[in-house]
Structures are given as structure tokens and as C-alpha cells.
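Here is a short briefing for a first look. It starts with the ligand and its surroundings, then turns to one helix.

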Amino acid sequence: MSTTRTGFSSRLGFVAAAAGSAVGLGNIWKFPYETADNGGGAFFLIYLLCIFLIGFPVMVGEISLGRHTRSNPYGAYLKTGNKNWALVGILGVACGFMILSFYNVIAGWAFGYFLKISFGDLLNEGDFGAFFGSYVGQIGELFFFSLAFMAITAFVVMRGVQKGIESAAKILMPVLLVILLGLIIYALTLPGSWEGVEYYLKPDFSKLNLDVINSAMGHAFFSLSLGMGALITYGSYIGKQDNITSSAAIVTVADTGVAFLAGMLLLPLMFAMDLEAAQGPSLIFVVLPKAFAQMGPIVGKVVGGSFFLLVCVAALTSTISLLEVPVSYFVDERKWSRGKSVSIVAAVIFLIGIPSMMSQGFSPALSGGEEGIINYGGKTQDFLTLVADAFSEVSLPLGGLLMSLFVAFRWKTANLSDEISKGNPTYKGSTLEKFINIAISYVCPIILGFIFISNLLEKFFGFSFIH
Ligand code: TRP
């Protein structure tokens with residue numbers, strides 16, 4: 001079977017798309033908060049170590065497997081392994097469905113904030129906490145915002161790899177960088193902002209413990225979009241002459257750089273405006289709007305609107321990659337046309353996301369708390385958290401663990417080296433080759449196995465052996 005598979009037009013196209021996949025909501029609200037809270041520069045060092053030891057080798061493994069097989073994750077494991085290994089690919093496709101279902105809901109919240117700040121009067125709200133609570137607790141508007149976000153994602157993916165995914169990334173990634181740098185320059189001119197930089201980066205090694213290290217590892221993995229075959233899929237669209245190791249290095253540095261820069265924006269803003277840090281969504285949806293409101297009506301609208309545009313742009317290049325994984329499965333394996341695959345897959349994922357949309361107060365049964373019916377790990381939880389725990393906290397490390405074992409012991413590192421050396425003639429015999437082989441055979445499986453087991457026990461059995 002040799003159907004012509006269209007691919008990225010150039011290495012730059014691939015790098016932009018893969019960096020777009022990596023740079024997402026995780027970089028903007030999770031990384032800055034985690035760093036500031038868990039030891040600043042000390043956490044950042046650990047994070048860099050995780051990126052280097054597990055992120056980079058797994059990324060090289062995924063891209064190589066994708067390029068070698070020219071397939072979606074299922075087909076990739078099937079061609080180089082067997083039907084049982086192909087289940088790992090199915091897990092990846094399932095993660096694409098489930099992670100996108102809730103990720104798109106959160107992207108929809110951000111899209112709504114962008115519209116309401118730029119074109120409405122959200123910044124006149126007195127109490128942003130109460131506003132956010134009622135905003136996520138209804139579903140009329142949210143339904144529309146998430147639907148719009150999914151439609152934009154589907155539109156891009158429908159146009160194909162080169163005209164859709166690649167072109168979008170080549171426009172959106174520079175836009176993202178310009179907005180981010182512009183906002184940072186503005187934030188750093190505000191009085192008191194440098195105390196935020198100090199708070200963000202001042203190393204405090206006493207805060208490091210196994211728990212913190214575990215979350216640094218898990219976050220590094222999620223942030224690089226690893227573990228479900230998103231990069232197997234993107235890797236299947238690159239040319240044989242491309243240098244996989246240097247592309248992976250650029251993507252890794254870009255992702256880490258943007259995460260770092262997001263902190264250089266958020267912490268200075270919060271310190272300049274005298275605001276308390278908060279965890280998770282409320283950091284950007286409750287705390288930051290206070291900062292924008294204090295800037296006065298016009299500056300607030302421009303700065304706040306730009307910030308939420310930045311969040312939407314970052315989220316969009318990630319939703320595109322999440323959608324492409326299941327779409328490529330139906331195109332390759334079921335021989336559906338791209339148009340049919342995108343329409344059906346996007347519609348189904350949107351529907352799967354509706355309970356997540358309702359789980360932040362609209363439906364008490366799905367929202368956790370006293371009336372919640374979802375109960376695991378010793379407490380009631382909301383539906384969105386359930387999906388995130390099952391598919392991103394637990395399934396991604398599992399997928400990464402199995403991927404490393406597969407590449408090292410079934411596909412074999414010799415084949416990995418063959419594939420990499422096609423675009424990198426000096427690879428064989430290099431120190432880099434030794435490093436990647438050792439990392440993917442031993443370091444990654446051990447660490448990913450540890451993250452998988454500790455997250456599974458902690459999230460679902462309320463048992464933590466690392467405290
Ligand atoms: N990396 C993205 C973020 O940081 C999320 C993401 C996009 C992702 N595609 C993925 C995570 C594939 C895992 C797998 O927000």
C-alpha cells in the first residue's frame with residue numbers, strides 16, 4: 001500500500017507545529033504557578049533535568065517511530081510490533097479524544113474571556129471570583145464558546161497537514177511570541193514588578209521533595225505533548241532528510257522557553273498589582289482580571305484582551321495536535337476521507353466534553369462536593385477532573401512508559417539509530433546516540449513507571465507513598 005501521504009513542507013513547518021502542540025495551557029497557567037510555589041529556581045533546575053532526561057529522549061523516540069512507519073500511533077505499533085502493541089496506539093487515540101474533550105472546554109472559557117474583555121465590560125465586575133464561578137456554572141454561553149473553539153480547530157485540521165496545521169502554526173507561533181514579549185515588557189515597567197521576578201526565580205532548595213519532583217516530571221511530560229503519540233503522528237509527516245534530534249531539541253527549548261517567559265509575565269504582574277497567587281484556572285481567570293481592571297479601562301482592555309488572545313493562540317495550536325491524532329487514525333486505518341474524519345471526530349469529542357462543561361457547578365451531580373456522584377480516591381470529584389486524572393495524569397505516563405519499552409526492546413535501538421541517522425549522518429557512534437539509547441531503555445521506563453504508579457495510587461486509591 002503506498003498512498004501518497006502529504007507532509008510538512010519543510011523542517012521549519014514541522015518545528016512550528018510541534019512547538020505549537022507543546023506550548024499550550026500548561027505552559028501559561030500551570031508552569032509559572034508550580035515554579036513560584038515549589039522553590040523557584042530550584043524547581044526550574046529539576047524541571048530542566050526532567051526535560052533533558054525523559055522529555056527529549058521520548059520525543060526523539062516518538063518522532064522516529066512516526067517517520068519510520070509513516071503512520072498514526074495505532075498503525076505505527078502495528079507495523080513495527082503486533083496487534084497487542086497496537087493497543088498502546090489505541091490508548092493514544094483514546095487520549096486524543098478524552099484530553100481534547102476537556103481541554104477544549106477550558107480553551108472555550110479563555111475564548112469567552114477574550115471576547116468579554118475586548119468587546120464587553122468584564123473588567124467592570126467587582127468580584128472576579130464570583131463572576132468566574134457563575135460563568136463556569138452556566139452552560140448557555142460556554143456551549144457556544146467551546147463549540148466555536150472546536151469549530152476553529154476542526155477548520156484548520158480539515159485543511160490538511162500543510163495548508164492547515166503547518167500554515168496555522170507558522171502564523172500563530174510568531175503572533176504568540178510577539179504578544180508574550182510585548183506583555184512582558186509592559187509588565188516589567190510597572191513599579192514593584194521586579195519583586196515578582198525575584199519571587200519567581202529565587203531558588204529555595206528546601207522546598208524540593210519527592211512530591212514536587214514527581215509533579216515536575218509529570219508536567220514536563222504533558223507540556224511536551226508526549227505519551228499519546230501526538231509526535232508519532234506529526235513525525236509521520238516529516239521528510240527523511242530532516243534531522244530529528246536537532247528538531248526535537250528546538251521544540252524542547254521553545255516549549256521550555258515559553259513556559260519560562262509566561263512566568264516572567266504572570267509573577268511581575270501579580271506583584272506589581274499586589275495580588276495573591278492562586279492555583280490552577282483561578283490564577284488566570286480570577287487573579288489576572290483584577291490586575292487588568294486596575295490598569296484603567298483602556299489599558300486594561302488592551303492588555304487583558306491581548307493576554308487572553310495569547311492563551312487562545314497557545315491553546316489552539318495544542319487542540320489542533322490533539323485532534324490530528326484520532327483524525328489520522330481514521331484516515332489511515334479506516335480509509336475515511338479527511339473531511340469525514342474531522343467532522344465526525346470533532347463532533348464526538350465536543351459531545352464527550354459536555355459533561356465536563358457541566359461539571360463546574362451547573363450539574364451538582366457532576367460537580368463533586370456534597371451532591372457529587374463521582375467518587376474515587378476517597379472523595380467526590382467533578383467530571384472534568386476525573387477525565388484529566390484518568391487520561392492525562394495516568395494514561396500519558398503509561399503511554400510513555402510503554403513507548404520507551406517498545407522502542408528499546410521490541411523495535412530495538414539499532415532501528416531507532418538507523419532512522420535517526422537518515423537525517424543526521426554523524427549520529428551513529430556519537431555520545432548523543434549512547435545517551436538516547438540509555439535514556440530510552442532504562443531511565444525513561446523507570447521514571448515514567450514511577451510517575452504512572454504514584455499518580456494511579458494517589459488519584460484513584462487515595463494512597464500516596466511519597467509523602
Ligand atoms: N502540551 C500541551 C500543553 O502544554 C497540551 C497538549 C497538546 C498535549 N497536545 C498534547 C498533551 C498531546 C499531551 C499529548 O498545554
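A polar contact is a pair of N or O atoms within 3.5 Å. Keep that cut-off in mind for the serines below. The model is predicted.

**Polar contacts of the ligand**
- In serine 321, an N or O atom of the side chain is 3.1 Å from a nitrogen atom of the ligand.
- Serine 225 also uses its side chain: a polar atom there lies 3.1 Å from a ligand nitrogen atom.
- Serine 223 uses its backbone instead, with an N or O atom 3.1 Å from a nitrogen atom of the ligand.

**Cover and cavity**
- On its own, the ligand has 360 Å² of accessible area, and the protein covers 100% of this.
- The largest cavity is the space taken by the ligand.

**The shell around the ligand**
- Four elements give two or more residues each to the shell: α1 (11-22), α2 (25-37), α10 (210-223) and α14 (297-333).
- There are 16 residues around the ligand, and Ala22, Gly26, Tyr103, Phe222 and Ser225 come nearest.
- The shell has 8 nonpolar and 8 polar residues, but no charged ones.

**Helix α12**
- Which span should helix α12 have, at 1.5 Å a residue? Helix α12 holds 29 residues (244-272), so the expected span is 42 Å.
- The end C-alpha atoms of α12 are 42 Å apart, which agrees.
- Aspartate 274, just after α12, takes a positive phi of about 60°.

Technical notes. Residues are numbered from 1 along each chain as its sequence is written. This is a predicted model: local features need pLDDT of at least 70, side-chain atom pairs count only at pLDDT 80 or more; totals for chains, interfaces and linings use all residues. Side-chain values use heavy atoms; hydrogens and water are left out. A residue is near a molecule or strand if one of its heavy atoms lies within 4 Å of it. A polar contact is a pair of N or O atoms within 3.5 Å; within protein, one must be able to donate a hydrogen and the other to accept it, and residues adjacent in sequence count only if both atoms are side-chain atoms. Accessible areas come from the Shrake-Rupley method with a 1.4 Å probe; for residues, only the protein chains shown count as cover. On a 1 Å grid over the protein atoms alone, a cavity is a set of points where a 1.4 Å probe fits but cannot get out, and a pocket is an open set with protein on both sides within 12 Å along at least five of seven lines; lining residues have an atom within 4 Å of a point. A molecule sits in a cavity or pocket if more than half of its atoms lie within 2 Å of its grid points. Ala, Val, Leu, Ile, Met, Phe, Trp, Tyr, Cys and Pro count as nonpolar, Asp, Glu, Lys and Arg as charged, and the others, Gly among them, as polar. The expected span of a helix is 1.5 Å times one less than its number of residues.
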